[in-house]
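Here are my notes on the model you passed along. I stuck to the internal space and a few side-chain contacts.

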Amino acid sequence: MSDVSMTIDGKEVAARAGTTVLEAAQSAGIRIPTLCHHEKLEPFGGCRLCLVEVEARGSKRHVVSCVYPVEKNLVVRTRTEKVDRIRKTLLELLLAHAPDSPKLVEMAREYGADKDRFGKDPSFCVHCGLCVRYCAEVAKKHAVGFVDRGIRKEISFVPDVAAVECARCQGCFPLCPTSYLQAAYVLTQALAFP
Ligand code: SF4
Ligand code: FES
C-alpha cells in the first residue's frame, strides 16, 4: 500500500494509505489520548477523547482520530486550545460515572478536568465497549454484550455462555478502565452459576 504524506503537530509524517490518523500519530511517536481504542479491535469511535483538529483544502474541523482515515496533505493538530477544552469536558462527563477510574484520573490530571464539575451518576461503566468487542472479535465467545439503550444501556454477561467460557478466559478483564466489568462478572457468577 502506498504512503500518504501529511503533517501532524508540525511534523511531516508518511502514513500508510487505509490507516487512521490515530495510527499515523502513534507510528510517529505523537500521543493522542484514547479510551475505547484497542489495537486488536475494530475502530469504535465511542469515547471521542481522541478528537483532533484536521485541516484540508483550507477548511478546519474536528474529527475522531481513531476512525478518521489518513489523507494526502492533511494537517492535523492534536493539542489546540479547543481540542484540550473538549477533552477536558468529555473527561469531566466520564468522571461523573467512574470517578475512581485510574485511567480517567490520570487523564484528568493532564487536562485539568474537575471530577466534581457534573453531578455524580456512578454507573461505573463508561460504555467504552472494550469488553464486549474483545469477547466478540478476539475471544469470539459473545459472553458479554450491551443491553438496553441510552442512559439505561449497560453490559450484561450471558450466564450460560459465561459459565462455560469466562472462567478459562477473562481476557477482557484487564481492558476495563473501571472496576465495573469484574464486579458485573462476580455478580453474574454469584447469581447464575455459583
Ligand atoms: S464494563 Fe468496562 S470494559 Fe466493559 S464497556 Fe463498561 S467500562 Fe468498558
Ligand atoms: S479512542 Fe477514539 S473515540 Fe475512543
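1. Start with the helices around the largest cavity of this predicted model. Two of them, α4 (130–138) and α6 (180–192), each put at least two residues into its lining. The lining has 16 residues in total, and those nearest the cavity centre are Cys 125, Cys 128, Cys 131, Cys 176 and Leu 181.

2. What does that lining look like by class? Nonpolar residues account for 13 and polar ones for 3, with no charged residues. The space inside comes to about 100 Å³.

3. The largest cavity has company: searching the whole structure turns up 2 cavities of 30 Å³ or more. The second largest holds about 70 Å³. Its lining includes Tyr 134, Cys 135, Phe 157 and Gln 170, and also Lys 141 and Glu 165. By class, this second lining splits into 8 nonpolar, 2 polar and 2 charged residues. Lys and Glu count as charged, so Lys 141 and Glu 165 belong to that last group.

4. On to the rings. The whole structure has 3 aromatic pairs. One of them joins Phe 173 and Tyr 185 edge-to-face, with 5.4 Å from centre to centre and 65° between the planes. This pair ties together distant parts of the chain, 12 residues apart: Phe 173 is in the loop between α5 (159–165) and α6, while Tyr 185 is in helix α6.

5. Are the two partners buried or exposed? Both are buried: Phe 173 has a relative accessible area of 13%, and Tyr 185 has 4%. The cut-off is under 20%, so each value falls on the buried side.

6. If you'd like to look beyond that one pair, ring pairs connect Phe 157, Phe 173, Tyr 185 and Phe 193 into a cluster. Phe 157 turns up twice in these notes, as it also lines the second largest cavity.

7. There's a charge over a ring too. The charged end of Lys 153 is placed over the ring of Phe 146, at 4.4 Å from the ring centre.

8. Last, a polar side chain in helix α6: Thr 188. Where does its side chain go? The Thr 188 side chain reaches the backbone oxygen of Ala 184, at 2.7 Å. Thr 188 counts as buried because its relative accessibility is 13%, with the cut-off at under 20%.

Terms used: Residues numbered from 1 in each chain as written. Chains lettered and ligands numbered in written order. Predicted model: local features only at pLDDT ≥ 70, side-chain atom pairs only at ≥ 80, totals over all residues. Heavy atoms only, no water. 1 Å grid on protein atoms, 1.4 Å probe; cavity = no way out; pocket = protein on both sides within 12 Å on 5 of 7 lines; lining within 4 Å. Points joined across faces, edges and corners; volume = space filled by probe spheres on them. Helix = DSSP H or I, 4+ residues; strand = E, 2+ residues; numbered from the N terminus. Phe/Tyr/Trp six-rings, centres within 6.5 Å; stacked < 30°, edge-to-face > 60°. Buried < 20%, exposed > 50% of the residue type's maximum accessible area, 1.4 Å probe, protein only. Lys NZ or Arg CZ within 6 Å of the ring centre and 35° of its normal. Polar contact = N/O pair within 3.5 Å; in protein donor to acceptor, adjacent residues only side chain to side chain.
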